[in-house]
Amino acid sequence: MTEPNTASFPAAPGSPGGVLHGLLADLRAESAVLDALVAGLPPEDWATPTPAEGWTVAHQIAHLAWTDDWTALSARDPEGFTASLGGTFTELLAAGADPVEESAREGAAVEPAALLTRWRTGREEVLAALAAAPADLRLPWFGPPMKAPSMATARLMETWAHGQDVADALGATREPTARLRHIVHLGLRTLGFAFTAHGLPAPETPVRLDLTAPDGTSWAFGPADATDVVTGPALDFCLLVTQRRHRDDLSLTATGPAATAWLPIAQVFAGPPGKGRAPASGA
């Protein structure tokens, strides 16, 4: 697993204060769902392999804790973040370093109870730091800088995505919630980035999403008159753009050349293209 799984794109529109307050509440709730999955695990179960190659449950939580540490630093001390990072994520990879893998490996070696405490402490620090960050300040990150609502959206997306890996590893099923709306919005906003990450020109044709929300209502994103459209369950779309399921295993339909070309390469996280997951059939 080499992708940083950290988005660098705008959060949902609305008043900055109201958006941030809602995002932080949803981030707290999403974190609590994952916490409930791992809180009662015996130490040996933290070594359970997850669908991410080479990563156990402990690696997943260690990665979230590490990213939370960097998020809090970015929000509280932007200059300190930039000085500590020493380059963009792409530059670090080019220099032979992979901080994502290194930090996950180091974190996973810690006793599970201590790792869980670290993650719980760090995510509370993130909530406090983002809530206190100036609304118009762009915070430095591994990719382009982000304002606090975008950073909160990124943390929610990543918590949900890595939580999916943990749920899959433990054979657990999570009930989809309205919090998926944030990931859906982020998924559409990263359409152009997905093409660029694969060395392809971003399509000029707009794409609309007409998705079925977890409660059965409809979620529509994008121009109402767009001829390129993606339809299907919002959950499936989120699994696709976070690359937690293969395109062939999801009930998504693309209409139009731009939408059709996008779905196989969609990714909501910044950084190099991920390998994605193999189809359930193994083909």
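Two strands are taken as paired if DSSP finds at least two bridges between them. Helices (H or I, at least four residues) and strands (E, at least two) are DSSP runs, numbered from the N terminus. The structure is a predicted model, in which local features need pLDDT of at least 70, side-chain atom pairs count only at pLDDT 80 or more, and totals for chains, interfaces and linings use all residues. Residues are numbered from 1 along each chain as its sequence is written, and side-chain values use heavy atoms, with hydrogens and water left out.

**The sheet**

In the hairpin of β1 and β2, five residues lie between the strands, and Gly216 there has a positive phi near 95 degrees. The two strands belong to an open sheet of four, ordered β2-β1-β3-β4, with mixed pairing. The edges are held by β2 (218-221) and β4 (253-255); each has a single partner strand, so one side of each is left without a neighbour in the sheet. On average, neighbouring strands of this sheet are turned by 15 degrees against each other, direction ignored. Axes here are lines fitted to C-alpha atoms, for helices over the stretch in contact, and angles run from 0 to 180 degrees between N-to-C directions.

The pairings are set out below.

| Strands | Sense | Bridges | Residue pair |
|---|---|---|---|
| β1 and β2 | antiparallel | four bridges | Thr212 opposite Ser218 |
| β1 and β3 | parallel | six bridges | Asp210 with Thr231 |
| β3 and β4 | antiparallel | three bridges | Val229 opposite Thr255 |

Strand β2 has a covered face with Trp219 and Phe221, and an uncovered face with Ser218 and Ala220.

**Helices on the sheet**

Helix α8 (residues 180-189) lies across β1 (207-212) and β2, and runs at about 30 degrees to β2. Helix α10 (residues 234-241) also packs on the sheet, where it touches β1, β2 and β3, and its direction makes about 110 degrees with that of β3. Contact means heavy atoms within 4.5 Å.

Eight of the ten residues of α8 are buried, so this helix is largely enclosed by the rest of the structure. Buried means under 20% relative accessible area, exposed over 50%, and partly exposed in between (1.4 Å probe, protein chains only). The buried residues of α8 include Leu180, Ile183, Val184 and Leu188.

After α10, the loop leading to β4 contains Gln243. Its phi is near 55 degrees, a positive value in a residue other than glycine. At 11% relative accessibility, Gln243 counts as buried.

**Helices α2 and α7**

The axes of helix α2 (residues 57-76) and helix α7 (residues 148-170) come within 9 Å and cross at roughly 170 degrees. That makes α2 roughly antiparallel to α7, a term for angles over 145 degrees, while those under 35 count as roughly parallel, 65 to 115 as roughly perpendicular and the rest as oblique. On the α2 side the contact includes Val57, Leu64 and Thr71, and on the α7 side Met151, His162 and Leu170 are among the residues involved. By class, six nonpolar, seven polar and four charged residues make this contact. Ala, Val, Leu, Ile, Met, Phe, Trp, Tyr, Cys and Pro count as nonpolar, Asp, Glu, Lys and Arg as charged, and the others, Gly among them, as polar.

Helix α6 (residues 112-132) contains Ala129. Ala129 is buried, with a relative accessible area of 4%. Not counting residues up to four places away in sequence, Ala129 touches Ala72, Ala75 and Arg76. From Ala129 to Leu73 the C-alpha distance is 8.3 Å, across 56 residues in sequence.

**Nonpolar cores**

A nonpolar core is a set of buried Ala, Val, Leu, Ile, Met, Phe, Trp, Tyr and Cys residues joined through side-chain atoms within 4.5 Å. The largest one has 61 residues, of which Leu130, Ile183, Val184, Val207, Leu209, Phe237 and Trp262 touch the most other members. Helix α7 supplies the largest share of this core, seven residues. Beyond its neighbours within four places in sequence, Val207 contacts residues including Leu188, Phe221, Val230 and Trp262. A second, separate core has 15 residues, among them Leu34, Trp46, Leu115 and Trp119.
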